[in-house]
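Let's take a walk through this protein, starting from the inside and working out to the pockets. Have the model open so you can click along.

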Amino acid sequence: MKLGQRLTQLEKMVTGPFDHIWDCCCDHGLLGASLLSRKVGKTVHFVDIVEKLIDEVNAKLLRFYPHGAWQTHCLDVSLLPLEKYQGKQLIIIAGVGGDLMMDFVSALVKNHRAAELEFLLCPVYHQYALRQRLIELELGLIDEVLVEDNQRFYEILHLSVYGEALANVHPVGDKLWQANSEEEALRAQRYLHKTLAHYQRIEKGGKVDVREEIAAYSAVCLDNG
């Protein structure tokens, strides 16, 4: 099955090599299967909390990759047994909200601070709150990309636990707003407009104080190259 824009971009950002790649909240396992075909990781782990999904992924892997280096795990992402594996590990978390993603990343960093870990994150929403938590955890930014898929925008962040020379995570993103083409510039403009409109609607509701978010996104300067 062909990967959509979001999964294609995630797959492209996995350059490796890694000893272990964890495709978390893997759904139908499309991303992990693509990485398995590329052999960018020595072992690809497929993780989901839903047992039925993991059973389906396991059956597909046995059929199409009977001799591949893969494992399946039905468990909470925050409980990944990273300590059982050696070497450089990449944890991919996509398809869940930034609030849940914060809990996952916080637990994994806290429990495995000495491990050689990288994260590839693609939250569905709550990007601002997630970025604040990543800053608190002092994760280094390797790369960030803005993707539009099926009329929805996604921020993808590639981070490292151990890279001292890496860039700091920006509260609303930095590279996201730097366009190399007219298409990228228009995409960033649409995303900024949509994000500001979202927080302005919340402000009008009067129940949540989002003045900080509105000020942060209002200060963004689009760089059209």
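A nonpolar core here means a set of buried Ala, Val, Leu, Ile, Met, Phe, Trp, Tyr and Cys residues joined through side-chain atoms within 4.5 Å. Keep in mind, too, that this is a predicted model. With that in hand, pull up the largest nonpolar core, which has 29 residues. Leu-80, Ile-91, Ile-93, Val-105 and Phe-119 are the ones that touch the most other members. Several elements feed this core: strands E1, E4 (89-94), E5 (117-122) and E7, plus helices H4 (98-111) and H5, each supply at least two residues. Helix H4 gives the largest share, with six residues.

To get a feel for the packing, click on Ile-91. Leaving aside residues up to four places away in sequence, Ile-91 touches Trp-22, Cys-24, Leu-80, Leu-82, Leu-108, Leu-117, Glu-118, Phe-119 and Leu-120. There's also a second, separate core of 19 residues, and Leu-3, Phe-18, Leu-35 and Cys-122 are among them.

Now for the charged side chains. Side chains of opposite charge can pair when their charged atoms come close. The structure holds 10 salt bridges, and three of them make good stops.

Start with Asp-19 and Lys-42, whose closest N and O atoms are 3.1 Å apart. Asp-19 sits in strand E1 (residues 18-24) and Lys-42 in strand E2 (residues 41-48), so this pair ties together parts that are 23 residues apart in sequence. Lys-42 has 59% relative accessibility, so it counts as exposed.

Next, look at Arg-131 and Glu-144, which meet in a salt bridge at 2.8 Å, N to O. Arg-131 belongs to helix H5 and Glu-144 to strand E6, so the pair ties together parts 13 residues apart in sequence. Are these two buried or exposed? Arg-131 has a relative accessible area of 1%, so it is buried. Glu-144 is buried as well, at 3%.

The third stop is Lys-175 with Asp-143, where the closest N and O atoms are 2.7 Å apart. This pair links distant parts of the chain: Lys-175 lies in the loop between strand E8 (167-168) and helix H6, while Asp-143 lies in strand E6, 32 residues apart. Lys-175 is partly exposed, at 43% relative accessibility, and Asp-143 is partly exposed too, with a relative accessible area of 21%. Back at Arg-131, salt bridges that share partners join Arg-131, Glu-144 and Glu-155 into one network.

Finally, the pockets. The largest pocket has a volume of about 520 Å³. It is lined by 21 residues, and the closest to its centre are Tyr-125, His-126, Gln-127, His-198 and Tyr-199. Helix H5 (127-136), strand E7 (152-160), helix H6 (182-205) and helix H7 (211-218) each supply at least two lining residues. Helix H6 provides the largest share, seven residues. By class, the lining has 11 nonpolar, four polar and six charged residues.

The second largest pocket holds about 390 Å³ of space. Of its 19 lining residues, Gln-9, Val-145, Leu-146, Glu-184 and Arg-187 are the closest to its centre. Helix H1 (5-12), strand E6 (140-149) and helix H6 each supply at least two of the lining residues, and strand E6 gives the largest share, five residues. The class count for this lining is six nonpolar, six polar and seven charged.

Methods: Residues numbered from 1 in each chain as written. Predicted model: local features only at pLDDT ≥ 70, side-chain atom pairs only at ≥ 80, totals over all residues. Heavy atoms only, no water. 1 Å grid on protein atoms, 1.4 Å probe; cavity = no way out; pocket = protein on both sides within 12 Å on 5 of 7 lines; lining within 4 Å. Points joined across faces, edges and corners; volume = space filled by probe spheres on them. Helix = DSSP H or I, 4+ residues; strand = E, 2+ residues; numbered from the N terminus. Nonpolar A, V, L, I, M, F, W, Y, C, P; charged D, E, K, R; others polar. Salt bridge = Lys/Arg side-chain N within 4 Å of Asp/Glu carboxyl O. Buried < 20%, exposed > 50% of the residue type's maximum accessible area, 1.4 Å probe, protein only. Contact = heavy atoms within 4.5 Å.
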